[in-house]
Amino acid sequence: MSESSPQVIDYEGSGYRTDFWEGQGRDYEDLTERIALRRLLLSRGHRVAHLGAGFGRMTDELGGYDQVIVLDYSRTMLRQAQELLGTSGRYVYVAANIYSLPLADGSCDAAVMERVIHHFADVPAALRQIRAILAPNAPFVLEFASKRHLKAILRYWLKRQDWNPFDLEPVEFVKLNFDFHPEYMARCLREAGFETRRRLALSYFRLGFLKRRVPLSLLVALDRLLQPTGQIAPYSPSVFTLNVAVGDTPPAAPDGSLFKCLHCGGVLHQEGDVMICANGDGRWAVHDGIYDFKEPLG
Ligand SMILES: C[S@@+](CC[C@H](N)C(=O)[O-])C[C@H]1O[C@@H](n2cnc3c(N)ncnc32)[C@H](O)[C@@H]1O
Ligand SMILES: [Zn+2]
C-alpha cells in the first residue's frame, strides 16, 4: 500500500463468518441480498470481479461466469473463500487493496461489491479504481449502507442521534464504518464514470423484534415487494445499485491479461510462484492459490 493510500480496515484473523453470519439470525439479510443481486446482474458472462468478497458468502451467485475474481484485502477471508468455493480454475483468488487494484484496465466484464464500501474513507478514489478495471458498458452492482433510513430519521427527530440523516456528507459512526446519503453515492458514482440505471431498497425489516416474531419467508417476500421502491425513494438501511461503466476506457490488453504491475502498470508474467513485471520493477508472490498483492517481494 502506498503511503498516501487511505487506511484499510483489517479483517486478518477476523471471525466475520462465524461471529456475524453463521447461526447469527441474519438469514433475512442474506436472502434478500441474493434476490437483489439476481435482479440486477445477468447470471452469465465472461469475467466478473467480486470485490471485498470476504469469505465468499455471495460469490456462488456468480457461478454462471466463466471466471470469477475473488478479491479481498484479508488473506484469512480468502482462505475461507477457498474452503467454501473450492480451487477450480474458475475462481481466481486475489489479496489486494481496492484503493490500488492490480487488475488490468478494462479487464473485467462485470463487478460486484456488497457490504464493503461502508469501510471506505475515500469513496471517490475506490470508485475510480473500480471504473478503470471495467470494460465499456460493464455493469457494476454496488451495495452501500444508507444514512437516510427510517430508523435514523426517527432517532434524529426524537433527538436520540446527533448526526443528521439528511445531510449529504458521510457519517463515520465507528472508526472506518460509514453510512452514506443516497445522493452522495449517486454523485460519486457519476463522477467516477458510472451511470446508475437501477436502485433497490433493502432491509426495511432489519429489526430484532420483527425478525423474532414474523416468519422469515414472509419478511423476505415483503422485502422483495418493496425493493423496487428504491428507484424513487430509498429510505432503507441498505441500497443496491446497478451502475454501468460509461465514458472513455483505456483499451484492455490484447491478450486479455488480468494482472498489472502496481508500480508501473506494465504487464505481469508468472514464473512458478512469482508474478514478475516485464519492466523489472515489481514482483509479487502466489501462495497456495492466492495471488498476493498486499506487499511486493523484496
Ligand atoms: C463486511 S465484510 C463483507 C464481505 C462480503 N462482501 C459479504 O458481504 O459477506 C467487508 C470485506 O471487505 C474487505 N475490505 C475492506 N476494505 C478493503 C479494501 N480496501 N480492499 C479490499 N478489501 C477490503 C474486508 O477485508 C472484508 O472481507
Ligand atoms: Zn512494473
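**Entry 1. Strands E8 and E9**

I began with the pairing of E8 and E9 in this predicted model. The two strands run antiparallel and are joined by 8 bridges. To fix the register, I looked up Arg 198, whose bridge partner in E9 is Leu 242. I then turned to E5 and E9, which are also antiparallel, with 7 bridges between them. In that pair, Phe 144 has Val 239 of E9 as its bridge partner.

I next asked how many residues of E9 are buried. The count is 7 of 8, so E9 is largely enclosed by the rest of the structure.

**Entry 2. Glu 195**

I selected Glu 195, which lies in strand E8. Is Glu 195 buried or partly exposed? It counts as partly exposed, because it has 13 C-beta neighbours inside 10 Å, whereas a buried residue would need 20 or more. Leaving aside residues up to four places away in sequence, I found that Glu 195 touches Asn 243, Val 244 and Val 246. I also looked up its separation from Gln 82: the C-alpha atoms of Glu 195 and Gln 82 are 33 Å apart in space, and the two residues are 113 apart in sequence.

**Entry 3. The whole sheet**

I traced the strand order and obtained E8-E9-E5-E4-E1-E2-E3-E13-E12-E11-E10, an open sheet of 11 strands with mixed pairing. The edges are strand E8, residues 194-202, and strand E10, residues 268-271, each of which pairs on one side only. From one strand to the next, the twist averages 20 degrees. I noted as background that strands of a sheet pair through backbone hydrogen bonds, either parallel or antiparallel.

**Entry 4. Strands E4, E1, E2 and E3**

I then followed the parallel pairs. Strand E1, residues 45-51, pairs with strand E4, residues 110-113, in the parallel sense over 3 bridges. Here His 50 has Val 112 of E4 as its bridge partner. E1 also pairs with E2 in the parallel sense, over 6 bridges, and Arg 47 is matched with Gln 67 of E2.

Strand E2 covers residues 65-72; 6 of its 8 residues are buried, so E2 is largely enclosed by the rest of the structure. E2 runs parallel to strand E3, residues 91-95, and 5 bridges join them. Within this pair I located Leu 71, whose bridge partner in E3 is Val 94. Between E2 and E3 the chain passes through helix H3, residues 75-85, and this β-α-β crossover is right-handed.

**Entry 5. Helices H4 and H6**

I listed the buried residues of helix H4, residues 123-133: Val 123, Ala 126, Leu 127, Ile 130, Arg 131, Ala 132 and Ile 133. Against which elements do the buried residues of H4 pack? They pack against the strands E1, E4, E5, E8 and E9, and against helix H6.

I then examined helix H6 itself, residues 182-191. H6 lies across strand E5 (139-145), E8 and strand E9 (238-245), and runs at about 155 degrees to E8.

**Entry 6. Ligand 1**

Last, I looked up the surroundings of ligand 1. Which of the 20 residues around ligand 1 come nearest? They are Tyr 11, Gly 52, Gly 54, Tyr 73 and Arg 115. I recorded the make-up of the shell around ligand 1 as 11 nonpolar, 5 polar and 4 charged residues.

Conventions. Residues numbered from 1 in each chain as written. Chains lettered and ligands numbered in written order. Predicted model: local features only at pLDDT ≥ 70, side-chain atom pairs only at ≥ 80, totals over all residues. Near = placed C-beta within 6 Å. Nonpolar A, V, L, I, M, F, W, Y, C, P; charged D, E, K, R; others polar. Pairing = 2+ DSSP bridges. Helix = DSSP H or I, 4+ residues; strand = E, 2+ residues; numbered from the N terminus. Axes fitted to C-alpha atoms, helices over the stretch in contact; angles between N-to-C directions. Contact = placed C-beta atoms within 7 Å. Buried ≥ 20, exposed ≤ 12 C-beta atoms within 10 Å, placed from the backbone. Right-handed = clockwise from strand over helix to strand, strands pointing away.
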